[in-house]
Amino acid sequence: MLTDLPVTIDRATLRADAIDLACGTAFVIVGLASCAIAFARRRTKVRMFYWLGIWTCLYGVNVLWVPLHGIQPYPIRVIEPYARALTMYLVLPFAFLSWMEATRGWVRRFSAVLVVIEVAIAIVAFAVFLVTGDPNRLLVPNNLVAALGLAVLLVVVSSNKLFAKYCVMPSRGFFTFAAFVFTVEALFSNIINPLGHPMPNIFEHLGFAILLAAFGHSALQMVEQSERRLLGIESELQVAREIQVSILPTTVPELTGVRIAARYQPAASVAGDFYEFLQTDPQSVGILVADVCGHGVPAALIASMLKVAVQSVASSADHPGELLGALNRTLAAPLRGQLVSASYLWIDGKAQKARYSAAGHPPMLRWRNGRLEAVESNGLLFGVLPDVVYPEREIALTKGERLLIYTDGVTEPENLQGVEFGAGGLQALLAKNGMESGAEVATRVFAEVPLWQVEQRQQDDMTLVVVDVL
């Protein structure tokens, strides 16, 4: 019997090491997979996967230290005591970070405080280890903080009211069960182990695995809920885009002696740019181009308001200054602090003349005789003051010239040197493609601007109307 005892101990040790090796490896793999998922998605809603992944990896590494002790390569054996002392105290900060991502209100703030305390304990414990060689000096305060955090977790998940108020997780059932299982296992281990009856490590690993599964399940539910919400928003934005496109002109007016081309390209699903044609007779047309400051849905809503507002002031179509003034008065109240720039050109094809006025808009450009010149007649942006007088400029049109009305998304993109595409870019393009039609020139501009800027992804809405005098 005496000779059998060491064999029994060896078998028990080997069995425990095998369990630790299998569980530790599994936890590390799961942790790395969780981090990989979070990295691939790179969204705020998947941040919990980062913390869960790091927490699980650290727990798995701590489990692996025992079965792998003494069989690592020499460099790892040298750093093992330091790594063990550090990873032992870093498990809890990432556990609380995971819990923090699932909560809100004072529970989230309380969890953040526990993270700070645990990081401080880890730093001090590692410093003490470097001096004394004992990694366990701060285990008691470390475990007390863990117990405090676990107690708060149990209180919150035990109450439907508290869970609904302070947790962002969609469901409570599985998480509550896992929290109780983990707590019972932890308490039982801390009572039984000091009495000289150590529990097999498999129970601790099982409790952690159940809690981890609950966190992972809740994180997946949160991501799925977020994805459904985003899909709904994207669907609504697509409908909004279709509606917005439908309010833009589907054709360009045809006038004797004048050819018009228009291009419009939003930077996002919906845009703040708007253009409209006001044709009151076969030989005359008004061209309005507007740009709402900002992007997205608010700007798009105001751009849509312009459609109705323009029709209400169409009686002033042949007087740009009066039309812009009337538009500003109409929009003053609904804008609610938003600003809009606008440019309006009235063309009389029969008389070969035009009138121009603008409200804080980039100047109209005039290409003739191989030169590009700016035509300015600007007043205040819409939304600054309710009553504004907009100056008006009359222009005699000459055969072969070209007029360009645009929004700043065409001219403001910058290259690596910080130089805007600007009038210079347009002049170079017009000089090179002067014989092409206005439609072809507009298409070339929309192809060149993304190539000019640092990020080739479009940064702003782009609208361009080209008028050729024949």
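Helices and strands are DSSP runs, helices of at least four residues and strands of at least two, numbered from the N terminus. The exercises below concern a predicted model.

**Exercise 1.** Determine where Gln352 lies and whether Gln352 is buried, partly exposed or exposed.

*Solution.* Step 1: Gln352 is placed in the loop between S4 and strand S5 (353-359). Step 2: the relative accessibility of Gln352 is 24%. Step 3: partly exposed covers values between the buried limit of under 20% and the exposed limit of over 50%, so Gln352 counts as partly exposed. Step 4: phi of Gln352 is near 55°, which is positive although the residue is not glycine.

**Exercise 2.** Describe the backbone and the exposure of Arg336.

*Solution.* Step 1: the loop between helix H10 (320-335) and strand S4 (340-348) holds Arg336. Step 2: Arg336, a residue other than glycine, has a positive phi of about 50°. Step 3: because its relative accessible area is 76%, Arg336 is exposed.

**Exercise 3.** Characterise the surroundings of Thr183 in helix H7.

*Solution.* Step 1: helix H7 spans residues 173-192 and includes Thr183. Step 2: Thr183 has 10% relative accessibility and therefore counts as buried. Step 3: a polar atom of the Thr183 side chain lies 2.7 Å from the backbone oxygen of Ala179. Step 4: beyond its neighbours within four places in sequence, Thr183 is in contact with Leu150 and Leu154.

**Exercise 4.** Identify the elements behind the nonpolar surface patch that includes Ile76.

*Solution.* Step 1: the patch consists of Ile76, Val78, Ile79, Tyr82, Leu130 and Val131, with about 570 Å² of accessible area together. Step 2: helix H3 (74-101) and helix H4 (105-132) each give two or more residues. Step 3: H3 supplies the largest share, four residues. Step 4: Ile76 lies in helix H3 and is partly exposed, at 36% relative accessible area.

Conventions. Residues are numbered from 1 along each chain as its sequence is written. This is a predicted model: local features need pLDDT of at least 70, side-chain atom pairs count only at pLDDT 80 or more; totals for chains, interfaces and linings use all residues. Side-chain values use heavy atoms; hydrogens and water are left out. Buried means under 20% relative accessible area, exposed over 50%, partly exposed in between (1.4 Å probe, protein chains only). A polar contact is a pair of N or O atoms within 3.5 Å; within protein, one must be able to donate a hydrogen and the other to accept it, and residues adjacent in sequence count only if both atoms are side-chain atoms. Contact means heavy atoms within 4.5 Å. Patches are made of residues with over 30% relative accessible area and no salt bridge: like charges are joined within 9 Å, nonpolar side chains (Val, Leu, Ile, Met, Phe, Trp, Tyr) within 5 Å. Accessible areas come from the Shrake-Rupley method with a 1.4 Å probe; for residues, only the protein chains shown count as cover. A salt bridge is a side-chain nitrogen of Lys or Arg within 4 Å of a carboxyl oxygen of Asp or Glu.
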